[in-house]
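Reader: I am new to this structure and would like to go through it by question and answer. Please show it to me.

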Amino acid sequence: MNDVILSRIAEALTWTGRYVERADATGRILDAYLHRMLEDPWRDEDVACRSLYAILGMDAGGRPVDMQQVLDQLAFDARSTGSIEGALGAARLNARSAREAVSSEMWECLNSTWHALADQRLAARRTGPYAYLELVRRRAALFFGLADSTMSRDDSWRFVVLGRSLERVDMTVRLLSVRVLDAAHAPDWPTLLSASGADEAYARVYSGFGDTPRVAEFLLLDRDFPRSALHALTTAEECLTALGRPRQDPARRPIGRMRTRLEYLDTHALEDQLPLLLQDLQQACIASADAVADRFFPYQGPVEWAQEGA
Amino acid sequence: MADIFDAYALADAWDEMFERPGEVRTAYEPVLAALQPIEPSELRFRADQMARAFTDRGVTYAFAGEERPWPLDLVPRILDALEWDLIQRGVGQRVRALEAYLADAYGPARAFEDGVVPWRLLLNSPHFHRAAHGVEPPGGVRIHVAGIDLVRDEAGDFRVLEDNVRVPSGVSYVIENRRAMTRIFPSLFAEQHVLPVDGYAQRLLAALRAAAPDGTDDPRVVVLTPGPNNAAYFEHALLARLMGVQLVEGHDLVCRNNRVWMRTTRGEVPVHVVYRRLDDDFLDPLHFRPDSVIGCPGIMGAAMAGTVTLANAVGNGIADDKLLYTYVPDLIRYYLGEEPILPNVESYRPDEPGQLEAVLDQIEQLVIKPVDGAGGQGIVIGPKADRDTIERTRKAVIADPRGFIAQRPVALSTSPTLAGEHMAPRHIDLRPFAVNDGNDVWVLPGGLTRVALQEGNLIVNSSQGGGSKDTWVLAEGPTESPAPLSAGDPLAVAPRQLGPDGTPTVVQEGAQQQ
């Protein structure tokens with residue numbers, strides 16, 4: 001019977017979705033940043049690199065940071081799930097532990113991506129990271145495209161999409177946070193938009209550019225753009241609704257609250273509210289992710305093997 | 001070690017990179033230092049990678065019936081801050097003078113009355129459209145976008161080769177060249193301070209919106225293209241996408257009661273500004289060529305009624321006629337009261353008394369250009385032409401002196417260009433792009449540098465097999481840093497949430513601590 005799903009599988013699926021989205025978003029952010037750094041004649045490499053670390057919630061350390069270190073740590077470090085390679089590696093292992101729940105095409109996509117990374121990493125040392133980052137972006141799109149076209153719309157699918165949506169809100173909030181946090185470290189608006197893959201969509205909606213509150217409004221509040229916080233929250237809420245009890249769901253509550261707050265936000269006051277709003281958004285995602293874990297995949301301690309004779 | 005510059009022999013022209021053999025110009029030092037240690041095979045690898053990226057992105061052009069990737073050479077062309085300042089001021093001046101000329105020619109015609117320009121220049125021009133007479137464009141702008149072609153002569157001075165104020169194309173390649181160079185060759189940029197080119201679409205959109213008819217609150221701008229079969233369709237689509245506006249073809253528009261509408265799924269929607277990438281002749285079959293099916297019947301009537309702005313304006317062709325070109329320095333003095341910042345190439349006007357004979361006498365030493373030729377077509381370079389061509393040209397000029405100008409041949413400056421496995425000097429020119437919003441003429445830092453890929457060739461047009469180079473304008477000083485959005489307490493960005501890494505949660509025997 002397929003009406004139940006193992007907690008372990010659910011957890012693996014959620015994190016597969018999260019990690020692939022994380023790799024994708026990290027790739028986009030790095031690409032936009034590095035490109036911008038090259039194009040901006042007045043760049044300060046150390047400052048720009050530090051803002052990248054700040055966005056991704058990682059420690060830059062005390063010494064000056066350059067682009068190579070950024071790539072080593074935020075793209076190529078297989079040991080950290082905060083880097084692209086680490087996130088894709090973790091996604092692959094999670095998908096492998098849930099192989100009966102994901103389609104074989106999805107698994108193959110992650111597996112072949114993982115194997116293709118090494119070559120591109122070497123090439124990146126010669127000619128720069130562009131091809132590497134592009135590979136990541138394409139494979140992430142392929143993965144989610146395969147999820148959309150080869151998985152039944154059952155709970156397994158919902159966990160993948162839930163993970164992707166939570167991570168998406170988190171990444172968008174991180175991008176905006178750094179803009180609010182410190183202007184000297186901040187990326188400019190076009191960079192923010194292209195890091196979210198939103199530059200062309202934004203131009204279509206506003207027929208204009210770079211107006212501070214409008215970019216924040218777009219990335220947070222646009223109903224139709226799939227990477228906006230509101231759109232991702234709505235999707236996450238839909239998944240949780242389908243997965244859970246109709247009322248009083250501690251996983252759904254923080255998400256639903258934030259979603260309504262965003263929907264009815266007075267956009268004139270957005271600029272003033274932004275710092276607090278971003279903080280609350282991030283807290284809501286963390287609270288929801290924790291509640292999802294409590295509810296759907298209660299923690300199992302490591303299986304300990306008693307040593308004979310001990 | 002084999003050096004890709006080993007075989008570099010300077011041609012008989014100003015070289016952009018080398019002052020003398022082995023002596024590099026200051027601005028090029030970092031680029032040379034970055035390129036020199038690279039193996040030829042590595043350069044080839046990157047060139048191939050770039051070609052593939054262009055093909056994938058659809059940045060191609062038609063050559064001999066074949067779709068080829070846009071030819072971008074790996075060695076950038078560099079302009080230092082001083083050179084750029086001169087070019088920028090010179091191009092701006094030129095555009096202002098040509099604007100004044102257009103306003104005059106389609107209005108009071110003072111310059112003709114005052115004898116600065118002969119009347120016949122206007123009345124004989126195939127681009128003089130009575131339909132444009134008396135149309136007063138919003139903000140007085142007729143040249144919203146201009147491309148002024150420059151060359152550098154043997155002495156290193158920039159000279160204007162021609163003005164393009166109808167539908168100048170090529171700016172998309174400036175944007176794509178930069179994109180490709182920063183992605184395929186990031187190391188070249190590492191130590192440089194190059195002015196960015198990504199502000200173009202924003203400037204263009206602002207200028208187009210500023211050109212909307214008076215009283216339009218939120219003007220709707222569209223790009224009008226002849227369609228996917230046009231050689232510049234890629235550019236039309238790119239500009240529409242970057243500006244976030246609709247790319248329309250003639251049959252997407254409909255004119256009624258002197259207004260322009262576009263057909264959409266929500267019904268007909270009014271259009272206020274049309275950035276048209278269609279020549280005058282094809283724009284409106286009611287006014288121009290009745291056999292044209294790519295235009296929009298009635299659009300000219302709407303423009304005359306002032307309900308829609310056409311950018312660039314109809315009839316601009318009288319200002320980039322090559323014969324008018326010879327008068328531009330006079331026009332700058334006449335309208336602006338300034339001395340020309342950028343000189344012309346020395347030119348003859350065969351239709352003026354005495355000059356026809358002078359041209360015919362030395363026709364083997366001159367460049368003969370048809371006044372309305374485009375894309376390098378019809379140009380005869382005397383010193384390189386054979387007897388038959390010279391004779392044919394001589395007859396053509398005698399038959400129609402108004403149809404040609406003659407110029408002293410300029411040995412265009414050369415720039416190192418990858419030819420096979422090594423660098424060789426190739427002739428280049430430069431087309432900077434100017435955007436006029438009515439208050440200010442803004443010039444995109446850089447422009448399109450075109451390269452004649454064959455040795456000694458002076459014609460650089462891509463339709464004749466030319467290539468291109470990324471054009472760098474070196475920056476002088478820093479801009480202000482952006483203001484903080486919020487002066488509140490610094491936010492803490494939360495650490496990443498981590499999930500299981502998917503390895504089985506089994507503690508292995510032996511690794512277990514008791």
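Reader: Is Tyr206(A) buried, exposed or partly exposed?
Author: The classes are buried under 20% relative accessible area, exposed over 50% and partly exposed in between, with a 1.4 Å probe and protein chains only. The relative accessible area of Tyr206(A) is 21%, so Tyr206(A) counts as partly exposed.

Reader: What are the numbering and the values based on?
Author: This is a predicted model, in which local features need pLDDT of at least 70 and side-chain atom pairs count only at pLDDT 80 or more, while totals for chains, interfaces and linings use all residues. Side-chain values use heavy atoms, without hydrogens and water, chains are lettered from A and ligands numbered from 1 in the order in which they are written, and residues are numbered from 1 along each chain as its sequence is written.

Reader: How many aromatic pairs are there over all chains, and of which kind is the pair of Tyr206(A) and Phe218(A)?
Author: Rings of Phe, Tyr and Trp (its six-membered ring) pair if their centres lie within 6.5 Å; planes under 30 degrees apart are stacked, over 60 edge-to-face and the rest tilted. A search of the whole structure finds 19 aromatic pairs. The ring centres of Tyr206(A) and Phe218(A) are 6.3 Å apart and the planes stand at 70°, so this pair is edge-to-face.

Reader: Which helices does that pair tie together?
Author: Helices are DSSP runs of H or I with at least four residues, strands are runs of E with at least two, and both are numbered from the N terminus. The two parts are 12 residues apart in sequence, because Tyr206(A) lies in helix α9 (residues 199–206) of chain A and Phe218(A) in helix α10 (residues 212–221) of chain A.

Reader: Is Phe218(A) buried or exposed?
Author: The relative accessibility of Phe218(A) is 1%. Phe218(A) also belongs to one aromatic cluster with Tyr202(A), Tyr206(A) and Phe225(A). At that 1%, Phe218(A) counts as buried.

Reader: Which helix gives the most to the largest nonpolar core?
Author: A nonpolar core is a set of buried Ala, Val, Leu, Ile, Met, Phe, Trp, Tyr and Cys residues joined through side-chain atoms within 4.5 Å. The largest has 105 residues, and those with the most contacts inside it include Ile29(A) and Leu162(A). With 15 residues, the helix that gives the most to this core is α1 (residues 7–39) of chain A.

Reader: How many residues does the second core have?
Author: This core is separate, and Tyr101(B), Ile143(B), Cys296(B) and Ala434(B) are among its members. Its size is 72 residues.

Reader: Which strands are at the edges of the sheet β15-β18-β16-β17 in chain B?
Author: Two strands pair if DSSP finds at least two bridges between them. The 4 strands form an open antiparallel sheet, in which 4 bridges join β16 (residues 367–370) to β18 (residues 404–407) of chain B. One side of each edge strand has no neighbour in the sheet, because each has a single partner strand: these are β15 (347–348) and β17 (380–381) of chain B.

Reader: In which strand is Thr414(B), and is Thr414(B) buried or exposed?
Author: Thr414(B) is in strand β19 (residues 414–419) of chain B. Not counting residues up to four places away in sequence, Thr414(B) touches residues including Tyr8(B), Trp14(B) and His427(B) (contact means heavy atoms within 4.5 Å). Its relative accessible area is 1%, so Thr414(B) is buried.
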